[in-house]
Amino acid sequence: MLDVGDSAPDFSVPIAGGEVYNDISSFTLSDALGDGPIVLAFIPAAFTSGCTTEMCTFRDSMHRFDALDAQVYGISVDLPPALNIFIQQEELNFPMLSDWRHEVIHDYGVVLPDMYDLFEVAKRSIFVLDSTGTVTYRWVEGEGKTDYGAAIDAVYDAVAETVSS
């Protein structure tokens with residue numbers, strides 16, 4: 001698993017921007033670097049209660065990240081059209097990345113191998129990258145309930161620290 005100080009692995013995946021069929025393009029991490037901090041928020045599956053709560057917490061906190069020129073991306077193994085519907089349904093104000101081939105979750109070491117004892121998804125996790133792609137913050141869900149508000153506050157603090165240094 002990646003840790004603070006590691007270089008984030010580059011990847012290219014589909015990006016869903018909110019339109020059901022025609023708003024899917026390609027996202028490459030290295031192309032996005034250099035424009036400020038990047039937040040990658042991995043979720044197990046769109047439309048589930050915990051993931052919806054987390055993504056809506058980011059949605060409701062975006063003004064804080066916008067003020068720091070931070071780019072926020074949700075990422076899951078769901079297909080891009082499903083992520084577009086999720087974005088529309090939850091009125092998300094940031095794009096979602098589709099790791100439908102499960103490569104990124106392996107590269108970042110955040111594989112949950114048995115969701116519902118059936119299939120592999122991402123562990124709920126958050127990485128903050130500086131403009132060079134170095135991990136400046138890492139959080140991976142442990143046992144028990146998650147305080148999404150506290151996690152967002154910690155991410156915001158890490159982004160603010162990245163911007164000020």
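How many Å should the 18 residues of H2 span at 1.5 Å a residue, and how far apart are its end C-alpha atoms? The model is predicted, and the legends below start with that helix.

**View 1. Helix H2, from end to end.** At 1.5 Å a residue, H2 with its 18 residues should span 26 Å, and its end C-alpha atoms do sit 26 Å apart, so the two values agree. Look along the helix for a kink of about 50°, centred on Asp 60. H2 has plenty of buried residues to pick out: Gly 50, Cys 51, Thr 52, Glu 54, Met 55, Cys 56, Thr 57, Phe 58, Ser 61, Met 62 and Phe 65.

**View 2. The whole chain, for orientation.** Before zooming back in, here's the overall tally: the protein chain has five helices and nine strands. Going along the sequence, the pattern reads β-β-α-β-α-β-α-β-α-β-β-β-β-α. Of the 165 residues in the protein chain, 51% are buried. Take the contacts between residues at least 6 apart in sequence, and 64% of them join residues at least 24 apart. About 7,700 Å² of the protein chain is exposed, with carbon and sulfur atoms supplying 48% of that.

**View 3. The seven-stranded sheet and the helices packed on it.** Seven strands make up an open sheet with mixed pairing, in the order S2-S1-S5-S4-S3-S8-S9. Strand S2 (24–28) and strand S9 (135–140) are the edges, each pairing on one side only. From one strand to the next, the twist averages 25°. Helix H2 (residues 49–66) packs on this sheet and touches S3, S4, strand S5 (96–98) and strand S8 (125–129). The direction of H2 makes about 170° with that of S3. Helix H3 (residues 80–90) packs on the sheet too, touching strand S1 (12–16), S2, S4 and S5. For H3, the angle to the direction of S5 is about 165°.

**View 4. Strand S3 next to strand S4.** Strand S3 (residues 38–42) pairs with strand S4 (residues 71–76) in the parallel sense, over five bridges. Two of the partners to look for in S4 are Tyr 73, bridged to Leu 40, and Gly 74, bridged to Ala 41. S3 is largely enclosed by the rest of the structure, because five of its five residues are buried. Both of its faces are covered: Ile 38, Leu 40 and Phe 42 are buried on one side, with Val 39 and Ala 41 buried on the other.

**View 5. Pro 44, in the loop after S3.** This close-up is centred on Pro 44, which lies in the loop between S3 and H2. Is Pro 44 buried or exposed? Its relative accessibility is 8%, so Pro 44 counts as buried, the cut-off being under 20%. Check out Ser 76 as well: Pro 44 and Ser 76 are 32 residues apart in sequence, yet their C-alpha atoms are 6.0 Å apart in space.

**View 6. The S8–S9 hairpin.** S8 and S9 run antiparallel and are joined by five bridges. One of the pairs to find here is Leu 129 with its bridge partner in S9, Val 135. The two strands form a hairpin, with five residues between them. In the turn, keep an eye on Gly 133, which has a positive phi of about 95°. S9 is also an edge strand of the sheet, pairing on one side only.

Notes. Residues numbered from 1 in each chain as written. Predicted model: local features only at pLDDT ≥ 70, side-chain atom pairs only at ≥ 80, totals over all residues. Heavy atoms only, no water. Pairing = 2+ DSSP bridges. Helix = DSSP H or I, 4+ residues; strand = E, 2+ residues; numbered from the N terminus. Axes fitted to C-alpha atoms, helices over the stretch in contact; angles between N-to-C directions. Contact = heavy atoms within 4.5 Å. Buried < 20%, exposed > 50% of the residue type's maximum accessible area, 1.4 Å probe, protein only. Areas by Shrake-Rupley, 256 points an atom, 1.4 Å probe, with all protein chains shown as cover. Expected span 1.5 Å × (residues − 1). Bend = angle between axes of the 7 residues up to and from the residue.
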